[in-house]
Amino acid sequence: MLSIVVCVKAVPDPKEADKIRIDPVTKSLTRLDLPLVINSLDQNALEAALQFKERFGAHITVFSMGPPSAGNVMKECLALGADVGILLSDPAFAGADALATAFTLAQAIEKLDEVDVVLCGRASSDGATEWVGPELAIFLEMPVVSMVSEFVETEGPCWQVKSDIENGYRLMQVELPAVFTVTQDVNTPRTLSFSGIIKARKKEITTWGLVDLGESAQSVGLKGSPTIVSDLTYIESKRACQIIEGTLEEKADILVAKLVEAGFI
Amino acid sequence: MIDFTFTEEQELFQKAAREHAETQIAPHVSVMEETGRNWEPVIKAICEAEMMAITIPEEYGGLGLGYVERLLALEEIGRISVATAMMMQVGGLGIEPIIKFATDEQKKKYLPGLASGEHFATVAVTEPTGGSDPRGCRTTYKKQNGSYILNGRKCFITNSHIADTQVVLAVDDDNPEAFSTFIVESGMEGFKPTHIEHKVGMRGCNTGEIELKNCKVPAENLLGGEGKGMRVSMASISDVGRGGMVGCAMGLQKACLDASVKFANERILYGKPISRLQAIQFKLADMKIDLDAGRLLGYRAASIQDKGERSGNEFAVAKYYTTEAAQRAAKMAVDIHGGYGCMEEYAVTRYLRDSYVLGPSAGTSDIMKVIVSRWVLS
């Protein structure tokens, strides 16, 4: 049976995007007072794991690093069909950049006896660096294929996947164990079911802190993060309507010029 | 200390119902509105989402959940389609007497199929003589050669043409004081759904008439014992029926509020969104206050029901309040939309029509006041 790890991030609900605020000191998003949901692309990663489980059996462990309130997101993953949820939560983990996040996740994943497949969403909807998956692969010393839009061949120890590139895709062959980051094209995530929620009653969420990982506080969280965010600003969305005057040809020329100026063509 | 919060698990149920309503039911609403039909895909959707299994005990293939969970699901479905919530709620109303009054054999025969969605239920009480006075029932039963023969006509029956398992109230042909209920299957000899109604609202919710012409019902399909029919049907309608309407009404209230907030923030008048105008703000505040008050009443009644206590009176209060509030909310939503509120492209026109169908279902507001006043005076 495959042992699959899915890494999910609890992100502020995009429906509440207008309420997201930037902490002026840490330059990070304040999210404690916003409802947290599963990062959209991580839902695709979990869905891929669930489909593997249905097709040829698998044990799915979900990892997430976040505040205790991310427990709700873990519970949802279990209700969707994951077997075990492990929440990495410790004040020392706070403020982690992509590298420190990948390092912490890797330390936790290495505590498992055996791992065949690690699945991540391509990016998170808040940070959107796309780095955690590949960096995780480096720490785990596994090959990585990013931007996977299709699992073409998944029988045996060598998998074939489609990896999106600009204007096309690459057909990649990779030997397990491996890390894959997936795009939204890989599948359509299922929705919660009532019976799945009931089954999740018997599944436990374990919380691991710094002590459980046996790591130094210097290598995790803000202290373990080399990234420095110099500034973050709000993007103001303004709508304006302009009536273009002139003949049909003049209107077309003005419109084309404006589109070029705006960088659309 | 009173805790007004849902459990984490209930919040997940709420989310599951919301996601399902938004993805599986919403795409069918416009065709339901246009045709007054198209109920098949939404019935399939609510069955696949295990909505009909919520209160059925686990030993009979259900989820074994409570009435708070049922109300949460109905509110979320009702927010997207009151017509669908109505069919779901009356489906549950047909299931309830089987849970409460059926023999173990009857439960084993009917409940697993109703839980899985293979079968669908309804209750047939109302007749052309009226629904609020079930004692005026003229559909008769007569025992003959080990079976019961039913004759009569039922009208305004939700799920009349889609329910294959119908709990029917009838009066003894020889004793006008003896009422009994029967589980009638749509394939039984003499059973025929006839006229389909065209309602002002809840279009796409199947409502129609049933003809029982020498309908032969096996003796083992008697539900709850001979002469116990009034108790069987009323016990279900008073809490599950009214409770279901509360769910439909709360969903509609929320839909009205959501649509109004969105429109008020987007509609620019005098150079600013109309949400900045106090006249609009007060309407939104009224809608929110009504919604919160209705929820407190509705979920209070459902939690009493979950404790196994009688909740009919509390549901009468909640049913009166929420269905009246839904009408108020729909009118305010249309008012906020101004001229757009008269255009059928805007959902608020549907909300207004739907709101007027909420009142008479499971007892009019006046009947609710009769019940509440009896409660007060008792």
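# Close-up views of a two-chain model

**The buried residues of helix α9 in chain B are covered by partners that include α1 (8–35), α4, α6 and α8 of chain B.** Like every view here, this close-up comes from a predicted model. Helix α9 runs over residues 347–358 of chain B. Its 12 residues reach 17 Å from the first C-alpha to the last, close to the 16 Å expected at 1.5 Å a residue. Is α9(B) mostly covered or mostly uncovered? The helix α9(B) is mostly covered, with 9 of its 12 residues buried. Look for Val348(B), Tyr351(B), Leu352(B), Val357(B) and Leu358(B) among the buried ones. The buried set of α9(B) also includes Thr349(B), Arg350(B), Asp354(B) and Ser355(B).

**Helix α8 of chain B takes in residues 312–337.** How far apart should the ends of this helix be? At 1.5 Å a residue, its 26 residues should span 38 Å, and the end C-alpha atoms are 37 Å apart, so the two values agree. You can also check how covered α8(B) is: 22 of its 26 residues are buried. Just after α8(B) comes Gly338(B), which has a positive phi, near 55°. Keep α8(B) in mind from the previous view, where it is one of the elements covering the buried residues of α9(B).

**Domain 1 and domain 3 of chain B touch each other.** Chain B is assigned domain 1 (8–120), domain 2 (122–225) and domain 3 (231–377). Taken over C-alpha atoms, the centres of domain 1 and domain 3 of chain B are 20 Å apart. How many residues does each of these two domains bring to the contact? Domain 1 of chain B gives 22 residues, and domain 3 of chain B gives 26 residues. On the side of domain 1 of chain B, α3 (67–80) and α4 (82–101) each supply at least two residues. The largest share of that side, 11 residues, comes from α4(B). Sorted by class, the side of domain 1 has 12 nonpolar, 4 polar and 6 charged residues.

**Chain A meets chain B through a contact with 11 residues from chain A and 12 residues from chain B.** Which elements of chain A give two or more residues to this side? They are α2 (71–80) and α5 (194–199) of chain A. The chain A side of this contact has 5 nonpolar, 4 polar and 2 charged residues.

**The largest nonpolar core has 191 residues.** In soluble globular proteins, nonpolar side chains tend to be buried together. Which residues have the most contacts inside this core? They are Val6(A), Val118(A), Leu119(A) and Cys256(B). Helix α6 (residues 229–266) of chain B gives the core its largest share, 16 residues. Zoom in on Val118(A) to meet its neighbours: leaving aside residues up to four places away in sequence, Val118(A) touches Val5(A), Cys7(A), Ile109(A), Leu136(A), Leu140(A), Met142(A) and Val179(A).

**Three loops of chain A hold backbone details to look for.** Leu176(A) and Pro177(A) are joined by a cis peptide bond, with omega about 0°. Pro177(A) sits in the loop between β11 (168–175) and β12 (178–182) of chain A. Glu141(A) has a phi near 55°, a positive value in a residue other than glycine. You will find Glu141(A) in the loop between α4 (132–140) and β9 (144–153) of chain A. Glu141(A) counts as exposed because it has 9 C-beta neighbours inside 10 Å. Asn167(A) has a positive phi, near 60°, and is a residue other than glycine. Asn167(A) lies in the loop between β10 (158–165) and β11 of chain A. Why is Asn167(A) called exposed? It has 5 other C-beta atoms within 10 Å, and 12 or fewer make a residue exposed.

**Here each chain is shown whole, with chain A holding 7 helices and 13 strands and chain B holding 10 helices and 10 strands.** Of the 265 residues in chain A, 38% are buried. The C-alpha trace of chain A spans about 70 × 45 × 40 Å along its principal axes. In chain B, 53% of the 378 residues are buried. Along the principal axes, the C-alpha atoms of chain B fill a box of roughly 80 × 50 × 40 Å. A compact globule with 378 residues would have a radius of gyration near 21 Å, and chain B has 21 Å, which agrees.

Definitions and conventions: Residues numbered from 1 in each chain as written. Chains lettered and ligands numbered in written order. Contact = placed C-beta atoms within 7 Å. Helix = DSSP H or I, 4+ residues; strand = E, 2+ residues; numbered from the N terminus. Nonpolar A, V, L, I, M, F, W, Y, C, P; charged D, E, K, R; others polar. Domains from an automatic or database assignment. Core = buried A, V, L, I, M, F, W, Y, C linked by C-beta atoms within 7 Å. Buried ≥ 20, exposed ≤ 12 C-beta atoms within 10 Å, placed from the backbone. Expected span 1.5 Å × (residues − 1). Rg over C-alpha atoms; globule rule 2.2 N^0.38 Å.
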